[in-house]
Structure formats: structure tokens, C-alpha cells
Amino acid sequence: MAIDAPTSVPVTNGHTNGHTNGHTNGHTNGYTNGHTKPKMSASAKTWRETPLIESANLSKAAGWYGQTLPSTTKILLKLELLQPSGSFKSRGIGHLCSLSLARTASPQNVHFYSSSGGNAGLACVHAAKTLGRPSTVVVPLSTKAMMIAKIKAAGASEVIQEGRSWKEADLYMRETVMRRAEDRGEEAVYVPPFDHEDVWAGHQYMVGEIERQLGGEEPSVIACSAGGGGLFIGIAQGVEEVGWKDTQILAMETKGADALNVSLRAGELTTLSGITSQATSLGAVRVADRAYEIARDGEASGRVVSAVLSDAEAAMGCWRFADDERMLVELACGVNLALCYGGRLEKALGRAVHNDETVVIVVCGGSNVNTEMLANWRLEHGHLNDEGVANGVVPSGKTAPNGA
């Protein structure tokens, strides 16, 4: 039969409470309504622990803004672009796929289905391959040939193009493709891109890793892309789990893919009329209900900050990051890295960033990027003149078309 992936987080503070609303009934520190401690062993094969490294160049770029002498702000990079699928999605989706397989009575009949033509689809394919099960990805007709090729190369059993939008592709997959699979005797598992407790729990592990890698130090800020909210929810749950009480979460979006920020400004969960940003991986017209709840409550307490940058700034973050750290990321990730240039971190937070603060940036990765795109972004957005980047403070100050 066709099934949705399971809806309960397996372990919560050593016991379950029977509630599947994305939170538990333990204590709260301002992000979520209690602890949620996921079961680690279930998805250990489908994702990997990633390095947390200090970036001397990005620390310099962030610290020079408005300074006669550089500050000692420390920028740490959580390198999620090193996940098997090339993005953080391997954590949440890998966790969901692993638990789905473990919970079924017929694992030999499981077939995973994703309607994402982007990073979630790639993560599903990688997880399915690792678990020894087939996967099918249904994508809209507008999906780029480069992404279809990457999904096929990753090992998808089938890639189907159908519909003018993700909604149409998803509906076709659920009502036609998965029903045909059921008729063939498959146990068809639907893999949602972000709005599921098992996905959130997979992302939550990242914070436990950061805690160990920091050796007990509590960061001042964790910056991440908001998107549909899965990563944001997982980080909020993780911050609560490790007991950090002063860490701010900075949820980043691009203008035109800013469903979370629009909702917060409206005072209610809001659906965008469409996605106009080029950062299509952030392109959820509506965030998960739980993401809005956490952001709303966190903004009121000062623990969550929602900020929006332009596509041009996100592109600047991508090409400067490539020149300063020799790594390629897509626009949905570049919006986080852009914070390090031109005082954007302080502007986003709405406060001064003090000496000796530690800021963790989740380098979420993404596959919608290549060297040609990067070169075009450098040419098109080299005009973004950032104080502290010029005069050779960091390499990208010299490689900008106009000398930064």
C-alpha cells in the first residue's frame, strides 16, 4: 500500500509522549515547547558528520567593517556541502528514509518517492541508494536539465517530468505514480522535502555535533537558510536540547522567497503568491506551521532574528566564498555567507557584533551551481562595494571585476 513516512520522533528525553506536533512536553528555553531527542543510530549511514572550521578570511571580512582595527569576531563554518547529496538535506531526508525502512514490515518492498527536482530529491536518491532501495523522482517540466542529470547520475531508478509547477508534479506523483506502484505490490513511501518531524529530527543532530566540536563553548549566533523551515526547526530543537540559552538563530531568506519573514511581518502564517527569487531552493511559498510558531515566539524573546537579502547579495556571497574559501555553493546558501561582507551581519541582527563573539554559519551547500554560473555572478554583482573587503584584506577584494 502507499504510505506517508511515519510521523513520530522515536525518542523524546528517554520516553515518548504520544504527541506528533513537532514538540514534546519537557521544559522550554524560548525556541520550542520542550526537548526532542531523536534516535541517532537509525540514519547514521545516510548522512555524515561534517567539519566545523574557522574561516580566517570570513572572520577578517566580518571584523573589518566599520573598524579602524579588525575585531576578533570568529566566523565558523559548518560544512554541510560535504554531505553525500551535496547539501544538508541528507540529514533530515536520510533520517526519514532510514526510519521509514526500519518501521515497515516489508522493507524489501519499499520504494521511495520524491517530487523535488532540487536538493531534497538528490538527498532522497542518495539515501535510497545507501539503504539498498529504489527511488523515483517526479519533477515539473521547468526543472533544469543540469539538475535532472544530477538526479539520474546519483542513482534514481526513474526521473519523470510532469506538470507546470511543483504542486502539479507532486499531485501527479501521489495520485498516479504512487498508486500504480501500490498496484504492483510496492510499499511506496512519500518523502516530503521539509515539513515532517523525522526530517526536523535529522537536522537536529547538527547542533549536537557543533556542541562537541566547540568543546562546550556556546556560540552567539547560528545563521541558516530558512526555506520551508525544516533546517530552522531542527536547529531550534537542537539548541534547546543542548541547553544553549543565549544563542540567537538568524534565519536568512532572499527577497521573493521570504515566506517566513512575510509571515512574521503580517503577524500570521502567510502564503506567497509565487516565488520571484532566483534562489529557488528557498522557494517554499509557505513555511511549515511549526517554523512560523518557533520564529514568532523566538522573535518576541529576541532569540530568533529573521532577515532578508537580495538575490544580488546572495550571488555576491557565492562568488566571494568561492574566492575566499575555494568552495562552490548555490544562491540559497550564499545568502548566509553574504552576512560576512559589508556589515550585513550587524545589519541583519540589528545590533553590534562584539569582539570575541562566535558566529556559526551553516554552509548548507546545494547542487544548483557550476563554475559558469559563478563567473556570471562575479561579473554581474562585482559592483557590490564592501568596506573591509577592498585593499586586499581578503582574496575576493582583489578578484572582484572592479577591484571590490
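**Exercise 1.** At what angle do helix H8 (residues 259–266) and helix H9 (residues 289–301) pack, and how far apart are their axes? Classify the arrangement and describe the contact.

*Solution.* The structure is a predicted model.

Step 1. The angle between H8 and H9 is about 55°, and their axes lie 10 Å apart.

Step 2. Angles under 35 degrees count as roughly parallel and those from 65 to 115 as roughly perpendicular. H8 and H9 are therefore oblique to each other.

Step 3. The crossing in which H8 passes H9 is right-handed.

Step 4. On the H8 side, the contact is made by Leu260, Ser263, Leu264 and Arg265. Their counterparts in H9 are Ala291, Tyr292, Ala295, Arg296 and Glu299. By class, the residues of this contact are five nonpolar, one polar and three charged.

**Exercise 2.** Which residue forms a salt bridge with Arg91? Locate both partners and state their burial.

*Solution.*

Step 1. The partner of Arg91 is Glu80, with the closest N and O atoms 2.6 Å apart. A salt bridge requires such a pair within 4 Å.

Step 2. Arg91 belongs to helix H2 (residues 89–103), while Glu80 sits in the loop between strand E3 (74–79) and H2. The pair therefore ties together parts that are eleven residues apart in sequence.

Step 3. Buried means under 20% relative accessible area. Arg91 has a relative accessible area of 0% and is buried. Glu80, at 0% relative accessibility, also counts as buried.

**Exercise 3.** Are Asp297 and Arg296 buried or partly exposed? Give the N to O distance of their salt bridge.

*Solution.*

Step 1. In the salt bridge of Asp297 with Arg296, the closest N and O atoms are 3.0 Å apart.

Step 2. The range between the cut-offs of 20% and 50% counts as partly exposed. Asp297 has 36% relative accessibility and is partly exposed. Arg296, at 38%, is partly exposed as well. Arg296 is also one of the H9 residues that meet H8.

**Exercise 4.** What parts of the chain does the salt bridge between Arg378 and Asp323 tie together? Then place the salt bridges in the whole structure.

*Solution.*

Step 1. The side chains of Arg378 and Asp323 meet at 2.6 Å, N to O.

Step 2. Arg378 lies in helix H13 (residues 371–381) and Asp323 in helix H10 (residues 311–325), so the bridge ties together parts 55 residues apart in sequence.

Step 3. Both Arg378 and Asp323 are buried.

Step 4. Lys78, Glu80, Arg91 and Glu209 are joined into one network by salt bridges that share partners. A search of the whole structure gives 16 salt bridges.

Terms used: Residues numbered from 1 in each chain as written. Predicted model: local features only at pLDDT ≥ 70, side-chain atom pairs only at ≥ 80, totals over all residues. Heavy atoms only, no water. Axes fitted to C-alpha atoms, helices over the stretch in contact; angles between N-to-C directions. Helix = DSSP H or I, 4+ residues; strand = E, 2+ residues; numbered from the N terminus. Parallel < 35°, antiparallel > 145°, perpendicular 65-115°, else oblique. Left-handed = near helix turned anticlockwise from the far one by under 90°. Contact = heavy atoms within 4.5 Å. Nonpolar A, V, L, I, M, F, W, Y, C, P; charged D, E, K, R; others polar. Buried < 20%, exposed > 50% of the residue type's maximum accessible area, 1.4 Å probe, protein only.
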